[in-house]
Amino acid sequence: MEKFIVLDATAAALPTPDVDTDLIIRIERCVRTPRAEMGRWAFEMARYRADGSEDPGFALNQARFHGAQILVAAENFGCGSSREMAVWAIAGMGFRCVIAPSFGEIFYGNCFQNGVLAIRLPAQAVDGLLKTLGAASAPARIRVDLPAQVVTGPDGKTHRFDIDSLRKTALLEGLDAIGMTLTREAEITAWQATDRKRRPWVWL
Amino acid sequence: MALTLFDKVWNAHVIADLGGGAALLHVDRHLLHDLGGGKALAEVAERGLRVRDPELTFATADHVISSAPGRTGGAHDWAQVLVDSLRLESRKAGVRLFDVGGDEQGIVHVIGPELGITQPGTLVVCGDSHTCTNGALGALGFGIGASEILHVLATQTIEQRKPRTMRARFEGELPKGVYAKDLILALIGKVGMAGGVGYAVEYAGAAVRALGMEGRLTLCNLSIELGAKVGMVAPDETTYVWLKGRRFAPQGAQWEAALAWWKTLPSDPDASFEREVELDAGGLAPQITWGTSPEDTIAVDAAIPAAKPEALEYMGLAAGRPLAGTRIDRVFIGSCTNSRLSDLRAAAEVARGRKVAPHVQAWVVPGSVGVKRAAEREGLDEVFLAAGFEWREPGCSLCVGANGELVEPGARCVSTSNRNFVGRQGPRARTHLASPATAAACALAGEIADVRRFLA
C-alpha cells in the first residue's frame, strides 16, 4: 500500500449530505469496468450530461477543483453499499484524502485499505472548509499532516483530528493488513483449538 | 458487569486486542457471491496465499444471474464470466458453492439463515452491506469490502473497531397492513439515515418479540440504511424453533450444547446502551418512501413533505400533495429485504383473486430456490400468475440491477428492496420502498395505494 505522510494539495468541495456509494460508482461499472478506468466514471450520474459532456452544475466539475487530491464532503459520505470500487473510483479521480463530519462505516474502512486517508472533523470545521472552498475563486490548498494529526485549511486555521493508532501506523508505513495478520497465525490456530472445545457445533 | 447481546458475541470472537480500540476477531462464517467471489478467490491464489478455512466459507450466485424463468446463469456474457469464475475458483479452493440450478441457490442473506449456516452467536461476514440481515438470529453480521474479503479468506479473521450500542424498542402490537418493513422504515424516518452511524443496534420490545424469524430478518436487513453496520435481535424460542433441523444447524447432543450457550446471549436485564430509541408500533400506518433516501418515509396516507427539493424533482413529485394515487409503472417484490415465504404470503393475500393494473409490470422474485419451492407447494405462484405478476427465478434482480435487469429511465417502481437511491434501480429510475403487501396493493391499483383497503 502507498504510504501517506503529509499531503499539501488542492482541495475540492462536495457539500451534498448522504452521498451514497451507488452515486459514487454505478453497479455496472463495478461489474464491467477495469479498476484503472474507474476514476473516469466516479459520480457519473451527476458529473456528465446525457451527451457525455461534463455537467457544469456538478460541484466537482468546477475548474478550480481540477487536479484536487483532497475532497471535503458533507455528513455520512459513502453510505450504503459496501462496494470498495467507490474508493477506487475516488482514488482514480486523484483523491488521496477525504474530510467529512461522518462517513458510511464500510466506506470509511475501505479507504484505509487503499491508502486513502479518511478524516472525521467536527461538523462546524467541515462547514467552514466547505464555505471557504465554495467561495474561493482560484484553486485553494489544504495541508494534511498525518504524523501531527492536523488539517490546515486554506485560511490557515488548524484542526486536529483523531485516528486510531493502528490505521495511522499502517498508512505511515504503507503496511499490508494481510501480512500483519499472518504474523499472528499461531494465535489464530490456538484460538480455533480452544473454540472447537467451547463451541464444537460451529465447526463443520 | 452487565453485558449486551452485542458485547457477548463480540467478546466470544476476540483473538487479540490490537490496541487503539481495534480487535482481531474470528470469522465463523464467510459468504461469497458472484459479484466479487470468483475474483477474490483467484486473487488469494495469485498472491501465493491459501483459503485458510474453506469449510467455513460458502458461495452462491445471486447478484449477476438472470431472474428470467428458465435461466441457467447470467443473461449477458459479462455476467456469465463472473458466474463461471465463481464456479471454477470455488472448486479450486474447496469452497462449497450453491450453484444456479441447485436446490440451495439463493440470495446470500436469504440462504445463510435458511440453511442454518448463520446461527445465534456466530460472526458472519460477506462482501455486501446487507450482511447485517444475519443479526436477526442473534449473530454478529456485517458487510466488508473487497480488501477485507481477501483478509478473511487468507486468515479467517477480521480487524474491527468496537462500535457503540443502541437499542431500538418497538412496543405495542402491529396493526393490520403493517409489517416489519414498515417498522424499520418508520425508525429510519425517525432517526435518519445517519442516525445509526457508529452503532451496533439491538431491536427489542414487544413488537419484535412477536415477529416471526422472517420479519426479524427484514428488520435487521435495513440496519445499514440507518447507518449501522450491525443490527441484532436476541435469540429466543422463535429463533430456536425456526432454526432446528436446518441443513447446517447443530444436531442431537450438539444442538443441546449450542442451545445452552445461545440462551446465555440475550442482553443482561441491567445492560446499558449508549443510545435508546422507542417507537410505538401500534400507532403505525403502512409506510412508503417518497424521496431518494430510505429516511424519506411517510405513512401511505400522508402528504408529501416540503423538503429536499432535489429529491422531489428527481422523483417527479410535488410537496403538499398526497403520495397515494401517484401512477406507477413497475412493482418489484423481492430482494434480501423481503423475498421470504412470509413476504410472499402477505403479498399473495392481497393479490388473490385480483388483477394487476394493465399498465403495470409486476415481478415476484423469490429469495431462494427453497423459498420458491415452498411457495409453489402452497400455490402462491398460481395466485401471482393468475393476478398478472411474473413469477421469476431467485436472485438479487431489480434491487440493484447488477444483472442488467433495470427499471427504465423516468419509470416509477414500488419496490420491497432496501435502497431508493438516485439511479439504484437504473439511471433515472424512481423507487418507492414499501412492504410486500403494500407493493402488491400498488400493483393492483396501478398507483400508490393503501394496502388496508385490500385487507378484509
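How far apart do the C-alpha centres of domain 1 of chain B and domain 3 of chain B lie? In this predicted model, the two centres are separated by 28 Å. These domains belong to a three-part division of chain B, in which domain 1 covers residues 5-161, domain 2 covers 164-282 and domain 3 covers 285-454.

Contact between domain 1 and domain 3 of chain B involves 25 residues of the former and 21 residues of the latter. On the domain 1 side, helix α4 of chain B (residues 108-114) gives the most, with four residues. The composition of this side of domain 1 comprises 10 nonpolar, 10 polar and five charged residues.

The association of the two chains was examined next. At the interface, 54 residues of chain B are in contact with 39 residues of chain A. On the chain A side, two or more residues are given by each of the elements α1 (21-24), α2 (27-32), α5 (105-113), α7 (165-173), α8 (177-182) and α9 (185-198) of chain A. The largest share comes from α5(A), which supplies five residues. By class, the side of chain A that touches chain B holds 16 nonpolar, 13 charged and 10 polar residues.

Confidence was assessed both for chain B and for the complex. The mean pLDDT of chain B is 97, and 100% of the residues of chain B reach 70 or more. For the complex, the predictor gives an ipTM of 0.97 and a pTM of 0.97.

Definitions and conventions. Residues are numbered from 1 along each chain as its sequence is written. Chains are lettered from A and ligands numbered from 1 in the order in which they are written. This is a predicted model: local features need pLDDT of at least 70, side-chain atom pairs count only at pLDDT 80 or more; totals for chains, interfaces and linings use all residues. Domain bounds come from an automatic or database domain assignment. Two residues are in contact if their C-beta atoms, placed from the backbone, lie within 7 Å. Ala, Val, Leu, Ile, Met, Phe, Trp, Tyr, Cys and Pro count as nonpolar, Asp, Glu, Lys and Arg as charged, and the others, Gly among them, as polar. pLDDT is the predictor's confidence in each residue, from 0 to 100.
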